[in-house]
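Visitor: Got a minute to walk me through this one? I'd like the overall picture, then anything odd in the backbone.

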Amino acid sequence: MTELNHLITDGRSHKEFSHTPIPESLIHQLWELTALAPTANNSCPLRVVFAHSADAMEHLAKAAHGYNADRVKTAPAAAILAYDLKFYDQFKVLAPHMSQPPAHASWPPERVERMALMNANIQAGFFILTARSLGLDCGPMGGLRRMPLHRIFGQTGGLTSPSCFWGAGQADALYPRAPRPSFDTACRIV
Ligand SMILES: Cc1cc2nc3c(=O)[nH]c(=O)nc-3n(C[C@H](O)[C@H](O)[C@H](O)COP(=O)(O)O)c2cc1C
């Protein structure tokens with residue numbers, strides 16, 4: 001239960017962080033665990049650019065919309081989450097049981113993008129929970145302008161929402177938790 005509290009019940013989307021640095025080894029561990037998320041065909045379309053240097057974080061703050069910029073400035077590190085539209089090129093390794101070349105290569109672009117986005121977002125959810133389990137707080141953020149991100153960090157495929165800032169969160173900067181839909185609003189048992 002304590003673990004569940006840490007991961008979910010008390011896990012919040014943080015807006016401010018302490019400047020405690022993140023060791024690079026932790027970033028590698030974060031990826032190794034995130035990579036175990038389930039995805040359709042084991043497609044694993046998520047690609048991540050980790051902003052770790054002060055310079056990279058400063059550039060990232062410039063790409064943030066409005067008040068998001070101040071939030072970015074407090075974080076010691078961030079992950080720019082993206083999806084690879086050519087994810088199926090990895091199937092030789094990730095899904096060797098599939099026939100090659102995979103059918104995905106001839107799908108309409110919207111269908112490829114839908115699959116990439118859906119599965120990358122599942123991986124993004126795992127990313128947040130994994131970061132929390134490693135003792136890092138997260139601040140997911142969609143309010144970043146894409147063009148500066150691409151200019152600074154290179155093409156990463158399509159950008160997913162959210163990018164994710166993380167470090168030790170400042171709990172006293174949080175608003176009270178907003179309500180969530182009740183079971184009756186969001187669910188049915190048939
Ligand atoms: C896709 C996505 C985009 C978000 N974009 C922003 C953002 O641009 N700025 C911000 O302050 N918070 C952003 N958030 C944080 C949400 O507001 C937060 O997750 C939600 O209010 C729930 O807060 P809680 O996790 O603390 O309960 C984003 C979260 C997600 C998942």
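Guide: Sure. One term up front: a residue is called buried if 20 or more other C-beta atoms lie within 10 Å of its own. Also, this is a predicted model.

Visitor: Okay, so what share of the 190 residues is buried?

Guide: In the protein chain, 29% of them are buried.

Visitor: And how many helices and strands are there?

Guide: Eight helices and five strands. Starting at the N terminus, the order is α-α-β-α-α-β-α-α-β-α-β-β-α. The radius of gyration is 18 Å, close to the 16 Å from the globule rule for 190 residues, so the chain is as compact as a globular protein of that length.

Visitor: What does the C-alpha trace span along its principal axes?

Guide: About 55 × 50 × 30 Å. As for contacts with a separation of 6 or more, 85% are between residues 24 or more positions apart.

Visitor: Now the backbone oddities. Which peptide bond is cis?

Guide: The one from Gln-100 to Pro-101, with omega near -5°. Pro-101 sits in the loop between helix H5 (91–94) and helix H6 (109–133).

Visitor: What about phi: what's the usual sign outside glycine?

Guide: Negative for most residues, and most peptide bonds are trans. Here, Asn-41 has a positive phi near 60°, and Asn-42 has a positive one near 55°.

Visitor: Where is Asn-41 found?

Guide: In the loop between helix H2 (24–34) and strand E1 (46–51). Asn-42 is in the loop between H2 and E1 too.

Visitor: Why does Asn-41 count as partly exposed?

Guide: Because it has 16 C-beta neighbours inside 10 Å. Asn-42 has 15, so it also counts as partly exposed.

Notes:
Residues numbered from 1 in each chain as written. Predicted model: local features only at pLDDT ≥ 70, side-chain atom pairs only at ≥ 80, totals over all residues. Helix = DSSP H or I, 4+ residues; strand = E, 2+ residues; numbered from the N terminus. Buried ≥ 20, exposed ≤ 12 C-beta atoms within 10 Å, placed from the backbone. Rg over C-alpha atoms; globule rule 2.2 N^0.38 Å. Contact = placed C-beta atoms within 7 Å.
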